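Trainee: Could we go through this model together? I'd like to hear the reasoning behind each label.

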Amino acid sequence: MATKKTYEPLRAKTLKEKFIERFEGLILSGEFEIGRRLPPERELARRLLGIEARVVLTARNTAALEETAAGVPAGRVVMLPGDMEKQESLPALAESAWRAFGGLDMVIFNAGVSHRSVFTETSPETGSRVLAVNLLSQIELTRHILPLMISAGGGHIVSVTSLAG
């Protein structure tokens, strides 16, 4: 009988051990609050910044970006306001994120929108918006960032998704 492999939760300590020399990452985030908890992207950003990572944050809401970056020493965070729904702006966003620290070790896709309604009452525009933000933006950004990562020797792309949206 094979033994079942167990995985420990991703913790700041293991991230720091893995990326001891440097860590530059891009977090493409949403802007919603879940109850009283921090939104997941803000918690992740704060953990990465807590291990002295350099992080590029992007979201539509500039105030949310500023709140997440508050108190972080200069040079460790870059804020790039951006809208994942606007496909035409994504190549420039990818290039700006890459240049911010001279490369990216990890891209974390966490942007997403949800729409709850009866399917037969959902407009085609709403469906197009959900697909544009939740799927097509990831494809487009990966198309621009992946070749850069490959030429730089590698990297990680993480996609956070939800069955709810």
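Mentor: Let's begin with Ile 139, which lies in helix α5, residues 124–151. Keep in mind that this is a predicted model.

Trainee: What makes Ile 139 count as partly exposed?

Mentor: Its relative accessibility is 46%, and partly exposed covers values between 20% and 50%, so Ile 139 gets that label. Ile 139 also belongs to a nonpolar surface patch with Leu 131, Leu 135 and Leu 136, and together they have about 340 Å² of accessible area.

Trainee: Why is α4 called oblique to α5?

Mentor: The axes of α4 (residues 90–100) and α5 come within 9 Å and cross at roughly 40°. Roughly parallel requires an angle under 35 degrees, and roughly perpendicular runs from 65 to 115, so α4 is oblique to α5. The crossing is right-handed.

Trainee: Why is the contact between Arg 129 and Glu 85 called a salt bridge?

Mentor: Their side chains meet at 3.1 Å, N to O, and the cut-off is within 4 Å, so the pair qualifies. This pair links distant parts of the chain: Arg 129 is in helix α5, while Glu 85 sits in the loop between β3 and α4, 44 residues apart.

Trainee: Now Arg 143 and Glu 140, another salt bridge, with N and O 2.9 Å apart. Why is Glu 140 called buried or exposed?

Mentor: Glu 140 has a relative accessible area of 15%; buried means under 20%, so Glu 140 is buried. Arg 143 has 52%, and exposed means over 50%, so Arg 143 is exposed.

Terms used
Residues numbered from 1 in each chain as written. Predicted model: local features only at pLDDT ≥ 70, side-chain atom pairs only at ≥ 80, totals over all residues. Heavy atoms only, no water. Patch = residues over 30% accessible without salt bridge, like charges linked within 9 Å, V, L, I, M, F, W, Y side chains within 5 Å. Areas by Shrake-Rupley, 256 points an atom, 1.4 Å probe, with all protein chains shown as cover. Helix = DSSP H or I, 4+ residues; strand = E, 2+ residues; numbered from the N terminus. Buried < 20%, exposed > 50% of the residue type's maximum accessible area, 1.4 Å probe, protein only. Axes fitted to C-alpha atoms, helices over the stretch in contact; angles between N-to-C directions. Parallel < 35°, antiparallel > 145°, perpendicular 65-115°, else oblique. Left-handed = near helix turned anticlockwise from the far one by under 90°.
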